[in-house]
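Please walk me through this protein chain, part by part, for someone who has not looked at it before.

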Amino acid sequence: MTVERIFDELGHFRRYQACLYFAAVFQAVACGIHYLASVFLVETPNFVCSVPGNITDILYGNLTGSSLEEILPLFKSGTGPLVVRTAEGEQWELSRCRCALRIDPKDFTYDFDGNKTVRACTGSFVYDHTEVHQSIVTDWDLVCEQEWLAKLCQPTFMVGVLIGALVFGDIADRVGRVRILMFTSLCQFGLGVSVAFSGNYYIFVVLRFLLAMVSSGYLVVVFVYVTEFTGIKVRTWTSMHVHAAFAVGIMVVALTGYLVRVWWIYQIILSVCTSPFLLFCWKFPETPFYLMAKGRYKEAQSLLEAIASFNGLDCRLKVEELLEPENGGALLEKAEERPVQTEKKLSILDLFGSWRMVGRTCTVWAIWFIGSLGYYVFSLGSVNLGGNQYINLFLVGAVELPSYLVGCFAMDRIGRKRTCAPALLLAGVACMLIIIVPGDIEALAIALSMTGKFAIAIAFGLIYLYTCELYPTIIRSLAVGSGSMMCRVGSVVAPFCVYLADVWIYLPQLIVGILAFIIGVLTLLLPETLGKPLTSTLEEAEALGRKPSKKNSAQGNKDAEDGMEMSQHEAKA
């Protein structure tokens, strides 16, 4: 598109674009915050059944005490019950989800061979408040038979992410990017605070679901917004580093979780972290691409003059010059002609038009899936790795920052395939090596897990652009949209995968590692797109990886700049 001339004339990333970029990306921190906040919202501390009456004595193996608060930090499920004696002389054996009343005990000893009356806990539990002072689990007793409710919180949130991406991505193309950015950021603040005052579990889940929708909506639209305000020379870097703001959000969650152990205060603090954005987001301008596409040429001209003035330049560029030369003087006529143009209706089946495209599409979808699955398994599962859970989660966010720098540098020098495939293979090897790490060397297991997160983040950040370059213009949006759907499927599956840590602590990482390795090998079969012009037809796309004809090469070079802008726009939409 000739609209790209804006950046050649007014700068690809000068003061005006930089201020808008960092302001918009600042609010993206809130998306990372809300996506991972549940790590500590639904944290389950150690607990046992409570008993009627006042406890006077406690036995746990060779340990003795007079209150459950003394012994609970040392209690481990599956190693035997806590034996307690009440002021009334009753002796109880307490475990997590059941208790047993000893019948006619003679002495107060840990072992007992007599008769017992076993009963399930009836909703009364005692929690260890050493680490977790208050979470929704302790407030609403989401343990034992109600444990599934706690585990349903994050999958429900991810379903909201899926729906929000679909809904707000479409609305943003209809009403504009800025309106959606303002609406979703305001709702993030309002819903985030409202979650803290949830009266019960069901209100909590509904509010979190709505919060997921607006957070996802903001994240989708902000990619489009920053892409349409930055020039082609820096677009790869600016789009990938929106992910970095998300990673900062993860680190904020870890820091806040460490400092605040009461869930509703924790939730309020997280929700107000990015509230300053609300003070100036209403001043955001609409993007020039959107204004031109909607025929709002006077607004577009005013925007060009504002950009030039802020960047210290003279605005010699006119809106007429951004249209095709032969139609430069007929703005309204061109705007009216665009909707009349019809093209062959394409469907998802066109992604599988030949065996070559079948293999390509299946591999690309697999990369989207494992990128999302791995990203959230590493992030959500970091608290289960042993050691300090707050440091683990902080590191999970921190390792992302260099991963995007390395990814951007490598993809522009050694190629997309040669960056994506080794990243997936490295993630796979790192995760599979965890199974041979001795159980007493937690630091090594954590280091391997962080290596896996570092590598998977490279692949996850790269696949947006790589997908755009692998498919022609006529089905590029369809390819990215379908890949994004596979990404959302991975994010919904991820929490259930994390719960497999109850079977074996490293099982989630092992599953991701095996899948990442297999998909990394398949990625080696994809064509390289570095330095290749973006394709316009299915025939040109199928020819990627083969020697291009002179005719195709010439046509591709003609469309390269046009396609690059569209690819970045569609990748995030």
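A good place to begin is strand β5, residues 91–94 in this predicted model, which pairs with strand β6 (residues 98–102) in the antiparallel sense over 3 bridges. The connection between these two strands is a hairpin that passes through 3 residues, and within the pairing L94 of β5 stands opposite C99 of β6.

On its other pairing, β5 meets β4, again in the antiparallel sense and over 4 bridges. Here V83 stands opposite E93, and V84 stands opposite W92. β4 and β5 also form a hairpin, with 4 residues between them, and in that turn G89 has a positive phi of about 90°.

In a regular strand the side chains alternate between the two faces of the sheet. For β5 both faces are covered, since Q91 and E93 on one side are buried and W92 and L94 on the other are buried as well. Strand β4, which spans residues 82–86, is mostly covered too, with 4 of its 5 residues buried. β4 has a further partner in strand β2 (residues 55–60), to which it is joined by 4 bridges in an antiparallel arrangement, and there I55 has T86 of β4 as its bridge partner.

One residue of β5 leads on to the charged side chains of the chain, for E93 is linked with R102 and K116 in a network of salt bridges. Side chains of opposite charge can pair when their charged atoms come close. In this model, the count of salt bridges comes to 12.

Among these is the pair of E131 and R261, whose closest N and O atoms are 3.2 Å apart. E131 lies in the loop between β8 (125–127) and α5 (136–140), while R261 lies in the loop between α11 (242–259) and α12, so this pair ties together parts that are 130 residues apart in sequence. Their surroundings can be told apart by accessible area: E131 is partly exposed, with a relative accessible area of 40%, whereas R261 counts as buried at 18% relative accessibility, because the limit for buried is under 20%.

K151 and D502 form another salt bridge, in which the closest N and O atoms are 2.8 Å apart. This pair likewise links distant parts of the chain, with K151 in helix α6 (residues 147–151) and D502 in the loop between α22 and α23, 351 residues apart. K151 is partly exposed, having a relative accessible area of 24%, and D502 is exposed, with a relative accessible area of 59%.

A further salt bridge brings together the side chains of R416 and D412, at 3.2 Å from N to O. In this pair R416 is buried, with a relative accessible area of 5%, while D412 is partly exposed, with a relative accessible area of 33%.

The loop that holds D502 also contains L500, between α22 (473–498) and α23 (507–523). L500 is partly exposed, with a relative accessible area of 30%, and belongs to a nonpolar surface patch of about 930 Å². Other residues that make this patch include V429, L433, I435 and I436, together with V503, W504 and I505, and F517, V521 and L524.

A buried position offers a contrasting view, and N392 in helix α18 (residues 389–398) is one to look at. At 3% relative accessibility N392 counts as buried, and, leaving aside residues up to four places away in sequence, N392 touches S382, L385, G386, I446 and M450.

Finally, how confident is the predictor along the chain? The pLDDT averages 84, and 90% of the residues score at least 70. Among the elements of the chain, helix α12 (residues 263–272) has the highest mean pLDDT, 95, and helix α25 (residues 550–572) has the lowest, 44. Over residues 550–573 the pLDDT is below 50, although the model gives this stretch 53 contacts beyond near neighbours in sequence. The pLDDT also stays under 50 over residues 338–343, a stretch for which the model has 3 contacts beyond four places in sequence.

Technical notes: Residues are numbered from 1 along each chain as its sequence is written. This is a predicted model: local features need pLDDT of at least 70, side-chain atom pairs count only at pLDDT 80 or more; totals for chains, interfaces and linings use all residues. Side-chain values use heavy atoms; hydrogens and water are left out. Patches are made of residues with over 30% relative accessible area and no salt bridge: like charges are joined within 9 Å, nonpolar side chains (Val, Leu, Ile, Met, Phe, Trp, Tyr) within 5 Å. Accessible areas come from the Shrake-Rupley method with a 1.4 Å probe; for residues, only the protein chains shown count as cover. A salt bridge is a side-chain nitrogen of Lys or Arg within 4 Å of a carboxyl oxygen of Asp or Glu. Buried means under 20% relative accessible area, exposed over 50%, partly exposed in between (1.4 Å probe, protein chains only). pLDDT is the predictor's confidence in each residue, from 0 to 100. Contact means heavy atoms within 4.5 Å. Two strands pair if DSSP finds at least two bridges between them.
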